[in-house]
Amino acid sequence: MLLTIKNKLVIMTMMFLTIMAIPSPTQIAIDMPTITLKKIDMKQIACMARNIYYEAGAEAMPGQAAVARVVMNRVNHGFAETPCKVIYQKTIINENIVCQFSWVCADKTDPSKSNPKYKRALQVAYDVMVFDMYKNVVPKSALFFHSIHIDPLWPYKQVAIIGNHIFYSKQKVKNEQKSN
């Protein structure tokens with residue numbers, strides 16, 4: 001096939017434009033944003049998912065995220081080094097073992113991985129721990145929560161009510177303020 005001069009010029013122009021459009025490796029390194037990947041520890045995510053499932057499995061997304069955020073707040077406040085250690089933390093009070101999360105002392109088995117509520121809890125755990133999502137659902141000071149159906153008479157400051165849970169910071173309140 002014979003190429004005319006016009007066709008040769010068109011081909012050469014296209015080749016030149018293609019070469020000019022491809023950035024050099026130096027340009028790529030300079031222009032590309034730096035992405036920092038968090039190490040994903042599936043054991044920690046599974047612990048968090050179990051906790052969300054047993055503490056707030058029937059709750060809407062904000063309630064589940066709030067439970068996860070309390071665990072992460074506890075890690076950040078030095079309760080323990082990892083979410084699993086926070087979740088399985090036990091205290092002895094008057095010779096009785098008290099679990100930080102009631103389902104732990106109840107010796108619950110692992111939920112079915114195919115259960116839709118567990119799958120949703122797993123997604124929330126992943127979103128919170130890997131992507132740091134739902135940061136504003138409860139304040140960073142929220143370290144405790146309980147069901148709205150009980151009143152443990154905690155002396156802490158209430159910071160949120162989400163779904164069926166009341167969330168507290170460690171800040172103490174006076175007894176007369178608590179009854180308000």
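Visitor: How are helix 4 and helix 7 oriented to each other, parallel or oblique?

Guide: In this predicted model, helix 4 and helix 7 are oblique to each other. Two packed helices are described by the angle between their axes and by the distance between those axes. Here the axes of helix 4 and helix 7 cross at roughly 50 degrees and come within 10 Å, and the angle counts as oblique because it falls neither under 35 degrees nor in the range from 65 to 115. Helix 4 passes helix 7 in a right-handed crossing.

Visitor: Which residues make the contact between helix 4 and helix 7?

Guide: Helix 4 contributes Met-61, Gln-64, Ala-65, Ala-68, Arg-69 and Met-72, while helix 7 contributes Arg-120, Ala-121, Val-124, Val-128 and Met-129. Sorted by class, this contact of helix 4 with helix 7 has eight nonpolar, one polar and two charged residues.

Visitor: How many residues are in the largest nonpolar core, and which have the most contacts inside it?

Guide: The largest nonpolar core has 36 residues, and those with the most contacts inside it are Met-48, Ile-52, Ile-87, Phe-101, Val-138 and Phe-167. Among the elements that give two or more residues to this core are helix 3, helix 4 and helix 7, and the largest share, eight residues, comes from helix 4.

Visitor: Is Cys-47 buried or exposed?

Guide: Cys-47, which is found in helix 3, has a relative accessible area of 3% and is therefore buried, the cut-off being under 20%. Not counting residues up to four places away in sequence, Cys-47 touches Cys-84, Ile-87 and Tyr-88.

Definitions and conventions
Residues numbered from 1 in each chain as written. Predicted model: local features only at pLDDT ≥ 70, side-chain atom pairs only at ≥ 80, totals over all residues. Heavy atoms only, no water. Helix = DSSP H or I, 4+ residues; strand = E, 2+ residues; numbered from the N terminus. Buried < 20%, exposed > 50% of the residue type's maximum accessible area, 1.4 Å probe, protein only. Contact = heavy atoms within 4.5 Å. Core = buried A, V, L, I, M, F, W, Y, C linked by side-chain atoms within 4.5 Å. Axes fitted to C-alpha atoms, helices over the stretch in contact; angles between N-to-C directions. Parallel < 35°, antiparallel > 145°, perpendicular 65-115°, else oblique. Left-handed = near helix turned anticlockwise from the far one by under 90°. Nonpolar A, V, L, I, M, F, W, Y, C, P; charged D, E, K, R; others polar.
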